[in-house]
Amino acid sequence: QVQLVESGGGLVQDGGSLRLTCAASGRTFSSYAMGWFRQALGKEREVVSAISRSGGSTVYHDSVKGRFTISRDNAENTVYLLMNSLKPEDTAVYYCAAKEDPYFSYTVYRGPRDYNYWGQGTQVTVSS
């Protein structure tokens with residue numbers, strides 16, 4: 001089992017940057033594929049980015065490609081989402097998620113239902 005705590009959200013102006021951090025508990029963090037999701041008011045939860053347990057594979061939602069970067073540090077049990085050139089449409093609650101994946105080092109998962117564990121979320125608001 002793993003517990004996830006997100007931080008780094010906040011209010012930023014159009015074009016600004018934020019770095020989200022997800023700290024995971026447990027000694028087997030490297031066995032988990034990780035993802036960042038977001039949910040805007042009145043909308044469904046969608047994948048922003050995901051990373052394999054090895055860090056060797058990543059995927060991005062089309063709307064954030066070239067602006068956001070996901071990374072992980074397995075020694076520190078942490079996954080990051082660096083968000084540059086933020087836009088008002090990026091405003092949402094951002095969630096970190098983990099999927100236990102002991103077999104596939106390079107598989108990434110895009111669907112919310114693929115993930116077993118979720119953080120509490122952190123609000124990101126981009127003002128125009």
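Are Cys22 and Cys96 buried or exposed? Both of them are buried, and by that I mean under 20% relative accessible area, with exposed being over 50% and partly exposed in between, using a 1.4 Å probe and protein chains only.

Quick housekeeping before I go on. This is a predicted model, so local features need pLDDT of at least 70 and side-chain atom pairs count only at pLDDT 80 or more, while totals for chains, interfaces and linings use all residues. Residues are numbered from 1 along each chain as its sequence is written, and side-chain values use heavy atoms, with hydrogens and water left out.

Back to the cysteines. Cys22 and Cys96 form a disulfide with their sulfur atoms 2.1 Å apart; the cut-off for calling one is a pair of cysteine sulfur atoms within 2.5 Å. The structure holds 1 disulfide. Cys22 sits in strand S3 and Cys96 in strand S9, residues 92–100, so to speak of distant parts of the chain is fair: the two are 74 residues apart. The S-S torsion is about -75°, which means the disulfide is left-handed.

Now the sheet. Four strands, in the order S1-S3-S8-S7, make an open sheet with antiparallel pairing. Strands here are DSSP runs (E, at least two residues), numbered from the N terminus, and two of them pair if DSSP finds at least two bridges between them. At the edges are S1 (4–7) and S7 (68–73), each pairing on one side only. From one strand to the next, the twist averages 15°; that comes from lines fitted to C-alpha atoms, with angles running from 0 to 180 degrees between N-to-C directions.

Have a look at S8. Of its 6 residues, 5 are buried. On one side, 6 bridges join S8 (residues 78–83) to S3 (residues 18–24). There, Leu18 stands opposite Met83 and Arg19 has Leu82 as its bridge partner. Another 6 bridges join S8 to S7, where Thr69 stands opposite Leu82. S7 and S8 form a hairpin with 4 residues between them, and Asn77 in the turn has a positive phi of about 55°.

Last stop, Asp101, in the loop between S9 and strand S10 (117–118). What is the nearest side chain of opposite charge to Asp101? That's Arg53, 5.0 Å away, and Asp101 is buried yet has no salt bridge. For a salt bridge you'd need a side-chain nitrogen of Lys or Arg within 4 Å of a carboxyl oxygen of Asp or Glu. The Asp101 side chain does make a polar contact with the side chain of Tyr109, at 3.0 Å; that term covers N or O atoms within 3.5 Å, one able to donate a hydrogen and the other to accept it.

Terms used
Lys, Arg positive; Asp, Glu negative; His and termini not counted.
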